[in-house]
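This report looks at how one sheet is put together and what lies against it. Please keep the sequence and the structure in view while reading.

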Amino acid sequence: QTHFLSHSLQAKMSKQVQARRLEGIDKNIWVEFVKLATTYSKVNLGQGFPDFPAPDFLTEALRRALGGGNHMLHQYTRAFGHPPLVKVLAQFFEKLLGRDLDPMTNVMVTVGAYQALFCCFQALVDEGDEVIIIEPFFDCYEPMVKMAGGTPVFVPLRPNPPKDGKLMSSADWQLDPAELASKFSERTKAIVLNSPNNPLGKVFSREELGLIAELCVKHDVLCISDEVYEWLVYDGKQHIRIASLQGMWDRTVIIGSAGKTFSATGWKVGWVVGPDRLLQHLRTVHQNSVYHCATVAQEAVAQGFQRELTLYGKPESYFVQLPKELQQKRDWLVQSLDEVGMKPIIPEGTYFLVADISQFKSDVPDVPNSDEPYDYRFTKWMVKNKGLAAIPLSAFYSEAHKNNYTNFIRFCFAKEEATLKAANEILKKWKQEKNSS
Ligand code: PMP
């Protein structure tokens with residue numbers, strides 16, 4: 001009897017457990033580097049989240065939602081978004097896009113921007129479809145396209161270093177128009193646009209967006225526009241929404257994140273805004289997977305937006321204040337890195353900054369026969385030996401192009417002044433040690 005049982009159990013376990021669509025996407029940069037940062041870092045400028053508090057008006061709204069009289073806020077709400085939140089988002093985006101929006105059909109609330117992206121790929125990409133991804137890119141686009149059965153097609157932003165010896169800017173990384181055009185074909189279903197871009201901080205110009213829009217219209221291609229950093233633009237730059245360009249509204253899904261917008265990444269409230277002809281299919285994925293995200297969090301985010309709607313464009317607006325504060329933080333980190341020869345690429349937006357580590361090769365022990373790229377080895381060595389956590393830039397490239405971009409790492413500067421000062425101390429001490437050795 002026992003023998004028979006164990007035999008049958010063994011036989012059952014010989015089938016492959018995992019679905020084929022998971023093949024080749026099991027590694028995840030965040031799982032690996034968050035663990036390293038937790039174990040070794042004294043100063044964590046790795047993963048993208050602020051270490052300063054979310055604004056009081058937002059946390060107070062959550063407290064009110066939790067403890068106020070409306071106990072129904074602890075129950076399920078509407079699947080596609082808590083009504084007060086979709087209503088205020090519709091009002092807000094009507095202002096931004098200059099068109100009328102129906103809160104029930106043109107807006108959907110998701111579990112962070114992550115789930116918005118997941119809904120897009122599952123709903124819009126079929127087996128055999130190609131999806132154009134601009135490199136460097138937020139890493140999850142590639143596995144998400146693959147999980148939907150699609151084929152990612154990569155096109156890089158190419159750096160053009162300034163000739164006058166000035167620091168590079170994220171604006172110096174540009175698409176080659178002919179190269180971009182060559183990626184569009186009959187098979188192209190969608191392009192993913194991320195402006196302001198993680199990790200470079202590039203804010204795409206009107207001309208660049210115009211070029212992308214023209215190609216989308218010409219080839220009947222959809223645009224998945226990840227705009228989670230829409231409020232984080234610096235030096236008077238303007239974030240332009242591709243959906244507002246000619247012919248683009250009907251083919252664009254705009255993705256946003258309360259996590260990035262209100263410095264509360266742990267809340268995991270995101271949204272999509274777009275035409276019903278696209279959103280109706282995202283709703284199918286959403287209703288058959290997560291249904292909705294926490295009601296109280298949606299209620300509080302709705303109140304946050306209500307406040308911002310009233311203060312729109314005024315100096316007290318969080319969407320005006322946050323980028324001002326972050327620009328100062330960006331400038332501190334730029335200076336710290338420049339002083340030690342880790343040349344920063346000045347970002348026009350987001351709270352990330354990419355820095356050149358090619359002057360630091362002699363610091364990091366060579367590992368013979370290792371196929372691990374230099375930026376990975378450097379980042380691991382830095383967190384273990386200097387206590388400073390960052391993310392290797394090649395993690396934001398496809399396998400085929402990774403090896404061309406191993407001399408850079410990404411820092412997050414959405415951090416308290418004390419954190420950035422501590423980073424500066426580490427870098428200064430490191431430089432002194434280098435000079436004296
Ligand atoms: N898109 C980009 C470009 C991001 O950087 C992030 C977060 N790092 C997300 C989407 C996911 O946002 P959320 O935390 O709202 O899921």
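## Strand 10 and its two partners

In this predicted model, Val-111 has Val-269 of strand 10 as its bridge partner, and the pairing between strand 2 and strand 10 is antiparallel, extending over 5 bridges. Strand 9 also pairs with strand 10 in the antiparallel sense, here over 4 bridges, with Gly-270 of strand 10 serving as the bridge partner of Ser-257.

Strand 10 is mostly covered, since 5 of its 5 residues are buried. Val-269, Trp-271 and Val-273 point one way from the strand, whereas Gly-270 and Val-272 point the other way, and all of these residues are buried.

## The sheet as a whole

These pairings belong to an open sheet of 7 strands, arranged in the order 2-10-9-8-7-3-4, in which the pairing is mixed. Strand 2 (107-111) and strand 4 (151-156) are the edge strands, each of them pairing on one side only. On average, and with direction ignored, neighbouring strands of this sheet are turned by 25° against each other.

At the edge formed by strand 4, the strand runs parallel to strand 3 (residues 130-135), to which 6 bridges join it. Within this pairing, Pro-156 of strand 4 stands opposite Glu-135.

## A helix across the strands

Helix 10, which comprises residues 276-287, lies across strand 2, strand 8 (222-226), strand 9 (252-257) and strand 10 (269-273). With respect to strand 2, helix 10 runs at about 30°.

Definitions and conventions:
Residues numbered from 1 in each chain as written. Predicted model: local features only at pLDDT ≥ 70, side-chain atom pairs only at ≥ 80, totals over all residues. Heavy atoms only, no water. Pairing = 2+ DSSP bridges. Helix = DSSP H or I, 4+ residues; strand = E, 2+ residues; numbered from the N terminus. Axes fitted to C-alpha atoms, helices over the stretch in contact; angles between N-to-C directions. Contact = heavy atoms within 4.5 Å. Buried < 20%, exposed > 50% of the residue type's maximum accessible area, 1.4 Å probe, protein only.
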